[in-house]
Amino acid sequence: SSVEAGDSFEIEPNITNVGGEDGQKRVTVRLGGTLVASKSYDVGVGEDEETNITVDTDLSDAGQGLTLRLQSPDDGATRDIDVNRSAAFEIKQTQLSPAKPVQGEDDLQATVTVENVGDISDEANISVSAGDAANDTTSTISGGEAKQVAVNLSADNLTAGEQSVLI
């Protein structure tokens, strides 16, 4: 199972009294060794108690595989949980072509290396503008992947003179 860092998830344990007496059972939940929940349940002989327990993750858990442990005095269960970082994009490199001044019918192409420093695949929106000319494109980038993306500005939309290119 996986969850995004900072999000919560629910577990739904079924607590059964298999003993010969009515009783109260304390159930604890640990995520990666840290106690995240503890609750007592009154369960009659031969009865089941279904419940929901909410487990919160922290941003510091990001990028880790943690063990979720549900424990009572008599029994226990574990499950591995991957805590993922959401997609986050960084521009690593930019190249403009042509490198010399754009003339006449020349389009301006910006080639951008975009890296997803998160764990989850998502769409990156890359926008390029120079003066009144603007264009954008969307590219899906997997977690941990870097990708070169090209965005063109048409010569028809470029105005004469020196322009700053914004990415």
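In the predicted model described here, Lys92 has a relative accessible area of 46% and is therefore partly exposed. Its side chain forms a salt bridge with Glu90, in which the closest N and O atoms lie 2.8 Å apart. Glu90 likewise counts as partly exposed, at 36% relative accessibility, and Glu90, Lys92 and Glu115 are joined into one network by salt bridges that share partners. Glu90 and Glu115 are also related through the backbone pairing, since the bridge partner of Glu90 in strand E11 is Glu115.

The strands that surround this network can be described next. Strand E10 spans residues 89-97 and is followed by a loop that leads to strand E11, residues 108-116. E10 and E11 pair in the antiparallel sense over eight bridges, and E11 pairs, again in the antiparallel sense and over eight bridges, with strand E14, which comprises residues 146-153. Within the pairing of E11 with E14, Thr113 has Gln148 as its bridge partner. Seven of the nine residues of E11 are buried, so this strand is largely enclosed by the rest of the structure.

Strand E10 also contains Ile91, which at 48% relative accessibility counts as partly exposed. Together with Leu96 and Ile167, Ile91 makes a nonpolar surface patch of about 240 Å². In the loop between E10 and E11 lies Pro98, and the peptide bond that joins Ser97 to Pro98 is cis, with omega about 0°. As a point of reference, most peptide bonds are trans.

The count of salt bridges in the model comes to four. One of these is formed by Asp74 and Lys25, whose closest N and O atoms are 2.5 Å apart. Asp74 lies in the loop between strand E8 and strand E9 (76-84), whereas Lys25 lies in strand E4 (residues 23-31), so the pair ties together parts that are 49 residues apart in sequence. The two partners fall into separate accessibility classes, Asp74 being exposed at 58% relative accessibility and Lys25 being partly exposed with a relative accessible area of 29%.

A further salt bridge is formed between the side chains of Asp119 and Arg85, with an N to O distance of 3.1 Å. This pair links distant parts of the chain, 34 residues apart, with Asp119 in the loop between E11 and strand E12 (122-130) and Arg85 in the loop between E9 and E10. Asp119 is partly exposed, at 30% relative accessibility, and Arg85 is also classed as partly exposed, at 38%.

Asp61, by contrast, is a buried residue that has no salt bridge. Arg85 is the nearest side chain of opposite charge to Asp61, but it is 12 Å away, whereas a salt bridge requires a side-chain nitrogen of Lys or Arg within 4 Å of a carboxyl oxygen of Asp or Glu. Asp61 is located in the loop that connects strand E7, residues 53-56, with strand E8, residues 64-71. When neighbours within four places in sequence are left aside, the residues in contact with Asp61 are Leu66 and Val83.

Terms used:
Residues numbered from 1 in each chain as written. Predicted model: local features only at pLDDT ≥ 70, side-chain atom pairs only at ≥ 80, totals over all residues. Heavy atoms only, no water. Helix = DSSP H or I, 4+ residues; strand = E, 2+ residues; numbered from the N terminus. Buried < 20%, exposed > 50% of the residue type's maximum accessible area, 1.4 Å probe, protein only. Lys, Arg positive; Asp, Glu negative; His and termini not counted. Contact = heavy atoms within 4.5 Å. Pairing = 2+ DSSP bridges. Patch = residues over 30% accessible without salt bridge, like charges linked within 9 Å, V, L, I, M, F, W, Y side chains within 5 Å. Areas by Shrake-Rupley, 256 points an atom, 1.4 Å probe, with all protein chains shown as cover.
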